Every structure is written in structure tokens, then in C-alpha cells.
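Biologist: Thanks for sitting down with me. Could you put the model up so that we can go through it together?

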Amino acid sequence: MMHDGAVRTEHEGDEITQTTAGGPPVLSRRDVRHRRAIVPPMLRESAIVIVLALVLSLMVKTWLIQAFFIPSISMENTLVTGDRVIVNKLVPSHFSVNRGDVIVFEDPDHWLPPPVQVQRPPLLSALNSTLVFVGLLPNDGSNHLIKRVIGLPGDHVVCCNENKQLTVNGAPLTEPYLFPGDSPSQQPFNITVPPGRVWVMGDHRSESGDSRFHDESSGGVKGSVPENLITGRAIVLVWPVDHVTWLSSPSKTFAKVPAATAR
């Protein structure tokens, strides 16, 4: 006789079925194995691989490199609208910023107009945001700018000498990266870069709202960019395919620039 709450165990081959008096049978070992088999091993392995890839991509994007989209013409012809670049995020935290480097940095003080929101269906918008977050899609640059470093902390940058050249610490610059037909600057300035900041300019000088246009005659204080806002140095142009190239610093341009006397 079975009492209420008693458990009866029945052996059926390698199957063990447990039942309770007056209640439904408890899952057997065979049932458990069957349910586990419902999810194919290949599907489980694929899910694990995808999750690991997303985690790895997020780690790479956070600490090593990140892709960015070029939204404007301010760096032509070095970079044109629609190009994608890879940015080394170890600069400036582990490696120094150099004169001539092309850097990506956060908007210092409303240099950019309010971003235009791209209208996407909710699901597509969520997917796009997720892929950008983990680093599988380039950042659209909505709060970032890309320019070339002309002056380092303490540098005295002037436009222009009698030959219509920029000078840094008295040394004239020959700038091969300038947009064809552009002058080094149509706007004269005479500044000293404050400590912990850099002076940046676009390669398409006549179309670049850079340090010159945000300085407000402050002698370099307002127009320069804090080093802690630098996301990293652009190292390679990766898209479109026919534009692929390394973005090396033009060392010859700045080779004769002496060290800054004021830091």
C-alpha cells in the first residue's frame, strides 16, 4: 500500500521513472537526455562562438582599436566623406602623440552642430547600436572629429611667414597633405599651445572648422584640444577597398621643428 506523498520507483531498462501517489510522474533520465538533445550540439557551439566573438570584439574596441566613419570633407584629400579608418586607441595613453598625426577626438566644446538622427525601424536601430557598441560597425562620428596635429604642448604656431607657410617654433612647414589649391590658412593666428593640449587643423583648410575657428583670439587656450579627449591615432584607411592605405605621419614636414621652449 502506498501512502500519500510516497514515491514509487519503476525500473524500465536503463530508464528510471519516479511517480508520486496521486501526482504526475517525475521526469525520467531518458526524458532529461531527450530534452537536452532537442538543442543540437552544433547550434550550442555556434552560440558560444558568437558570444565569444562579440566579447572579444568589445574588448578590442574598448582598449586597442576602433573603426570610425568620415562624415565630412575637412580632411580631403587624405580622407574623403564615407571613408572608414581604424584608430589605435593606445595613443595617447601608452604612445605619444606626434606632430603630423591624424587623430580622432571627442568634441571639445560644441565644435559640431547637433547630430541629425538617422531614422531606422526600432529593431534595425537596436541592431545597429549593438554592432557599433561591440565594434563590428564603425562609429558614425556623431560626437567625434578627425584632424591633423600641428602643434604639441608648448609649441609656438604661427600663420604665416613671408612665404605663406605655417611655422612651428620658428621652423617653416612644407605640407604635402594640403588639399590642392588650399593655402595653409586664410586666417592669420599666433598661438602657443597650452600644457596638456594639442593644436589641430584639417587638411582641407578652407573647409575645416578646426582649432583656428574656435580659439577666439585666446592665444591657443580655447582652440586647442585637451589630450584627455583624444580617442586615438588613425593608422589605416580600410574602406572603400580602392582607398586602402596606411596613414603614416609626414615626418619630413616636421623634421626640422625644434623642441618647444615653453611647456
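Biologist: In the hairpin of β7 and β8, which residue takes a positive phi?

Modeller: Keep in mind that this is a predicted model. Strands β7 and β8 are antiparallel and are joined by three bridges. Six residues lie between the two strands of the hairpin, and the one with a positive phi, near 60 degrees, is Lys 164.

Biologist: Good start. In β8, which residue is the bridge partner of Cys 159?

Modeller: β7 covers residues 156–159, and β8 covers residues 166–168. Across that pairing, the bridge partner of Cys 159 is Leu 166.

Biologist: Which cysteine is joined to Cys 159 by a disulfide?

Modeller: The count of disulfides comes to one. Its S to S distance is 2.0 Å, within the 2.5 Å cut-off for a disulfide. The link is left-handed, with -70 degrees about the S-S bond. The cysteine joined to Cys 159 is Cys 160.

Biologist: And is Cys 159 buried or exposed?

Modeller: The cut-off for buried is under 20% relative accessible area. Cys 160, at 30%, is partly exposed. Cys 159 has a relative accessible area of 7%, so the word for Cys 159 is buried.

Biologist: Let's widen the view to the sheet. Which strands stand at its edges?

Modeller: This is an open sheet of four strands, with antiparallel pairing and the order β9-β8-β7-β10. Two of these strands each have a single partner strand, so one side of each is left without a neighbour in the sheet. The strands at the edges are β9 and β10.

Biologist: How many bridges join β7 to β10?

Modeller: β10 covers residues 189–192 and runs antiparallel to β7. Val 157 stands opposite Ile 191 in β10. The number of bridges joining β7 to β10 is four.

Biologist: At the other edge, which residue in β9 is the bridge partner of Thr 167?

Modeller: β9 covers residues 171–172. β8 and β9 pair over two bridges in the antiparallel sense. The bridge partner of Thr 167 is Pro 172.

Biologist: How many residues does the largest nonpolar core have?

Modeller: In soluble globular proteins, nonpolar side chains tend to be buried together. Those with the most contacts inside this core are Ile 150, Val 157, Leu 166, Leu 173, Phe 189 and Trp 199. The elements giving two or more residues to the core are β7, β8, β10 and β11. The size of the core is 16 residues.

Biologist: I'm curious about an arginine as well. Which residue's side chain is joined to that of Arg 205 by a polar contact of 2.8 Å?

Modeller: Arg 205 is found in the loop between β11 and α4. With a relative accessible area of 2%, Arg 205 is buried. Beyond its neighbours within four places in sequence, its contacts include Ile 150, Leu 166, Tyr 177 and Asp 182. The residue joined to Arg 205 by the 2.8 Å polar contact is Glu 175.

Biologist: Last one, on another strand. In β13, which residue is the bridge partner of Ile 103?

Modeller: Strand β5 is mostly covered, with four of its five residues buried. β5 pairs with β6 in the antiparallel sense over five bridges, and Val 104 stands opposite Ile 146 in β6. β5 also pairs with β13, in the antiparallel sense over three bridges. There, the bridge partner of Ile 103 is Arg 233.

Note on methods: Residues are numbered from 1 along each chain as its sequence is written. This is a predicted model: local features need pLDDT of at least 70, side-chain atom pairs count only at pLDDT 80 or more; totals for chains, interfaces and linings use all residues. Side-chain values use heavy atoms; hydrogens and water are left out. Buried means under 20% relative accessible area, exposed over 50%, partly exposed in between (1.4 Å probe, protein chains only). A polar contact is a pair of N or O atoms within 3.5 Å; within protein, one must be able to donate a hydrogen and the other to accept it, and residues adjacent in sequence count only if both atoms are side-chain atoms. Contact means heavy atoms within 4.5 Å. Two strands pair if DSSP finds at least two bridges between them. A nonpolar core is a set of buried Ala, Val, Leu, Ile, Met, Phe, Trp, Tyr and Cys residues joined through side-chain atoms within 4.5 Å.
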